[in-house]
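Work through the exercises below with the sequence and the model side by side. Each task is followed by a solution in steps.

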There are 2 protein chains.
Amino acid sequence: MAEDNSVLIGKKPVMNYVLACISLFHGGANEVSVKARGRAISRAIDVVEITRRRFMPDLKIHKIGIGTEELMVFEEGGAPSNVSTIEITLEK
Amino acid sequence: MAEDNSVLIGKKPVMNYVLACISLFHGGANEVSVKARGRAISRAIDVVEITRRRFMPDLKIHKIGIGTEELMVFEEGGAPSNVSTIEITLEK
């Protein structure tokens with residue numbers, strides 16, 4: 001899958017990311033990967049659910065992966081701080 | 001899978017739920033299902049990641065499912081309000 005076909009979820013309204021997914025599929029992508037870290041993870045699932053249920057009911061969830069990233073920001077005391085991640089791959 | 005072997009993630013500290021998962025496995029469960037809705041979803045992933053990485057490295061992620069639940073609480077204006085859900089099944 002090309003690196004371009006991914007949507008990184010941040011703090012914008014959910015519909016911005018839904019539109020980003022739809023645009024990628026309409027632009028010819030067969031797979032789109034929705035990625036998020038930390039608190040944005042629940043928004044990532046909202047994006048996937050709204051995209052599928054409201055706009056593109058034929059989309060399938062190809063894969064869901066979760067993981068941990070070690071942040072390069074150190075907390076007071078010097079312990080590295082970890083953040084959970086999710087990657088949901090949607091398929092036309 | 002027995003209904004009992006599930007941990008519903010709420011607003012308590014992450015380690016409470018990690019301990020709940022570990023206890024279920026130590027009590028003989030072969031599968032434990034971690035469930036969450038809405039904003040608790042990112043905490044569910046933290047629970048799974050910490051349980052696996054820090055305490056039970058042999059656990060496998062058997063399945064991750066996402067979905068939408070229609071809440072029986074109606075917003076002003078009368079539209080039903082939806083919430084995203086996740087269910088992560090861990091396997092010994």
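The model is predicted.

**Exercise 1. Cysteines**

Task: State how many disulfides the structure holds over all chains, and decide whether A:Cys21 is buried or exposed.

Solution.
- Step 1. The count of disulfides over all chains is 0.
- Step 2. A residue is called buried when its relative accessible area is under 20%.
- Step 3. A:Cys21 has a relative accessible area of 0%, so A:Cys21 is buried.
- Step 4. For B:Cys21 the relative accessible area is 0%, so B:Cys21 is buried.

**Exercise 2. The fold of chain A**

Task: Describe chain A by its helices and strands, their pattern along the sequence, and its buried residues.

Solution.
- Step 1. Chain A contains 2 helices and 4 strands.
- Step 2. Following the sequence of chain A gives the pattern β-α-β-α-β-β.
- Step 3. Chain A has 92 residues, and 41% of them are buried.
- Step 4. Take the contacts in chain A with a separation of 6 or more: 68% of them join residues 24 or more positions apart.

**Exercise 3. Two residues of chain B**

Task: Place B:Arg54 and B:Thr85 in their elements, and decide for each whether it is buried or exposed.

Solution.
- Step 1. B:Arg54 belongs to helix H2 of chain B, residues 41-55.
- Step 2. Exposed requires a relative accessible area over 50%. The value for B:Arg54 is 57%, so B:Arg54 is exposed.
- Step 3. Leaving aside residues up to four places away in sequence, B:Arg54 touches B:Met15 and B:Glu49.
- Step 4. B:Val18 is 36 residues from B:Arg54 in sequence, and their C-alpha atoms are 9.9 Å apart.
- Step 5. B:Thr85 belongs to strand S4 of chain B, residues 80-91. Its relative accessible area is 14%, so B:Thr85 is buried.
- Step 6. With the same sequence neighbours left aside, that is, residues up to four places away, the residues touched by B:Thr85 include A:Ile45, B:Ala36, B:Ile41 and B:Gly67.
- Step 7. B:Arg37 is also touched by B:Thr85. These two residues are 48 residues apart in sequence but 4.3 Å apart in space, C-alpha to C-alpha.

**Exercise 4. How the chains are related**

Task: Find which turn and shift lay chain B on chain A, and which residue of chain B comes closest to the rotation axis.

Solution.
- Step 1. A turn of 180° with a shift of 0.0 Å along the axis lays chain B on chain A, with an RMSD of 0.0 Å.
- Step 2. This is therefore the relation of a two-fold axis.
- Step 3. The residue of chain B closest to the rotation axis is B:Ser42, whose C-alpha is at 2.9 Å.
- Step 4. Of the interface residues of chain B, 100% are interface residues in chain A too, so the copies meet through the same surface.

**Exercise 5. The largest pocket**

Task: Give the space in the largest pocket, and say which elements supply at least two residues each of its lining.

Solution.
- Step 1. The largest pocket holds about 710 Å³ of space.
- Step 2. Its lining has 24 residues, and those nearest the centre are A:Arg39, A:Ser42, B:Arg39, B:Ala40 and B:Ser42.
- Step 3. At least two lining residues each come from helix H2 (40-55) of chain A, strand S4 (80-91) of chain A and H2 of chain B.
- Step 4. S4(A) gives the most, with 4 residues.
- Step 5. By type, the lining residues are 7 nonpolar, 8 polar and 9 charged.

Notes
Residues are numbered from 1 along each chain as its sequence is written. Chains are lettered from A and ligands numbered from 1 in the order in which they are written. This is a predicted model: local features need pLDDT of at least 70, side-chain atom pairs count only at pLDDT 80 or more; totals for chains, interfaces and linings use all residues. Side-chain values use heavy atoms; hydrogens and water are left out. Copies are superposed by least squares on the C-alpha atoms of residues with pLDDT of at least 70 in both. Contact means heavy atoms within 4.5 Å. Buried means under 20% relative accessible area, exposed over 50%, partly exposed in between (1.4 Å probe, protein chains only). A disulfide is a pair of cysteine sulfur atoms within 2.5 Å. On a 1 Å grid over the protein atoms alone, a cavity is a set of points where a 1.4 Å probe fits but cannot get out, and a pocket is an open set with protein on both sides within 12 Å along at least five of seven lines; lining residues have an atom within 4 Å of a point. Grid points are joined across faces, edges and corners, and a volume is the space filled by probe spheres set on the points. Ala, Val, Leu, Ile, Met, Phe, Trp, Tyr, Cys and Pro count as nonpolar, Asp, Glu, Lys and Arg as charged, and the others, Gly among them, as polar.
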